[in-house]
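Please describe this protein chain for a structural biologist. Cover the fold, the core, the surface and the charged pairs.

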Amino acid sequence: MKQNYEELLEQVRGLGAYRAELIDVEKIRFDRAFRELCEQNACGNYGQCWMCPPDAGDIDELIAEAGSYRRALVYQTVGKLEDSYDFEGMMEAARLHNELSRALAKWLSLIHISEPTRPEP
């Protein structure tokens, strides 16, 4: 089944994303330093959320898995902050982003897309 990617992008934007694009995975630069920020518990979620380390899995395995896909859906949400120290505003923006992610996952499961498209043999 050929997927309608424009419908996907419209749905993501309709759920509240500021921007959404499909990009070639080979153009993504993976950086292990990002994981190091996680291990320093910069956001306070280390070990608290199944989507975060250490529960998210080994970084090298995650990078390898990502590399097995052709394209990636990347979306951005934008929150309003009073200033650069507005921790409550940051947490609210994170909550709204996570809410969008859950709504998107639900929509994808309703249209029977549970796995991203891997390269065709």
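The report below goes from the whole chain to single residues.

## Overall picture

This is a predicted model. The mean pLDDT of the protein chain is 86. A value of 70 or more is reached by 89% of its residues. Among the elements, strand β1 (residues 19-24) has the highest confidence, at a mean of 95. Helix α2 (residues 33-39) has the lowest, at 87. Where pLDDT is low, the coordinates should not be read in detail.

The protein chain holds 4 helices and 2 strands. Read from the N terminus, their order is α-β-α-α-β-α. The chain has 121 residues, and 17% of them count as buried. Its exposed area is about 9400 Å². Carbon and sulfur atoms supply 53% of that area.

Contacts reach far along the sequence. Take the contacts between residues at least 6 apart: 69% of these join residues at least 24 apart.

## The nonpolar core

The largest nonpolar core has 10 residues. They are Leu8, Leu9, Val12, Ala17, Ala20, Leu22, Leu100, Leu104, Trp107 and Leu108. Three elements give two or more residues each: α1 (5-14), β1 and α4. Helix α4 supplies the largest share, with 4 residues.

Val12 shows how this core is joined. Val12 sits in helix α1. Is Val12 buried or exposed? Val12 counts as buried because its relative accessibility is 0%, under the 20% cut-off. Beyond its neighbours within four places in sequence, Val12 is in contact with Ala17, Ala20, Leu73, Tyr75, Leu100 and Leu104. Val12 and Leu100 lie 88 residues apart along the chain. Their C-alpha atoms are separated by 8.0 Å.

Ala20 is another member of the core. Residues up to four places away in sequence aside, Ala20 touches Leu9, Val12, Arg13, Val74 and Tyr75. Val12 is thus in the contact list of Ala20, and Ala20 is in that of Val12. Tyr75 appears in both lists.

## Salt bridges

How many salt bridges does a search of the whole structure find? The search finds 6. Three of the pairs are set out here.

| Salt bridge | N to O distance | Relative accessible area |
|---|---|---|
| Arg13 and Glu6 | 3.8 Å | Arg13 33%, Glu6 42% |
| Arg29 and Asp31 | 3.4 Å | Arg29 68%, Asp31 37% |
| Arg95 and Glu99 | 2.9 Å | Arg95 38%, Glu99 40% |

Arg13 is partly exposed, as is its partner Glu6. Arg13 is also one of the residues that Ala20 touches. In the next pair, Arg29 counts as exposed because its relative accessibility is 68%, over the 50% cut-off. Asp31 is partly exposed.

Arg95 and Glu99 belong to helix α4. They are 4 residues apart there, so about one helical turn separates them. Their side chains meet in a salt bridge, at 2.9 Å from N to O. Arg95 is partly exposed, with a relative accessible area of 38%. Glu99 is partly exposed too, at 40%. The pair is part of a network of salt bridges that links Glu92, Arg95 and Glu99.

## A nonpolar surface patch

Which residues make the nonpolar surface patch of about 360 Å²? Leu81, Phe87, Met90 and Met91 make this patch. Met90 is found in helix α4 (residues 87-110). Met90 counts as partly exposed because its relative accessible area is 34%, which lies between the 20% and 50% cut-offs.

Helix α4 thus appears in several places. It supplies 4 residues to the largest nonpolar core. It carries the Arg95 and Glu99 pair. It also holds Met90, one of the patch residues.

## The loop before α4

Asp86 lies in the loop between β2 (71-76) and α4. Is Asp86 buried or exposed? Asp86 is buried, because its relative accessible area is 11%, under the 20% cut-off. Leaving aside neighbours within four places in sequence, Asp86 is in contact with Lys80 and Leu81. Leu81 is also one of the residues of the nonpolar surface patch.

Notes:
Residues numbered from 1 in each chain as written. Predicted model: local features only at pLDDT ≥ 70, side-chain atom pairs only at ≥ 80, totals over all residues. Heavy atoms only, no water. Patch = residues over 30% accessible without salt bridge, like charges linked within 9 Å, V, L, I, M, F, W, Y side chains within 5 Å. Areas by Shrake-Rupley, 256 points an atom, 1.4 Å probe, with all protein chains shown as cover. Salt bridge = Lys/Arg side-chain N within 4 Å of Asp/Glu carboxyl O. Buried < 20%, exposed > 50% of the residue type's maximum accessible area, 1.4 Å probe, protein only. pLDDT = per-residue confidence, 0-100. Core = buried A, V, L, I, M, F, W, Y, C linked by side-chain atoms within 4.5 Å. Contact = heavy atoms within 4.5 Å.
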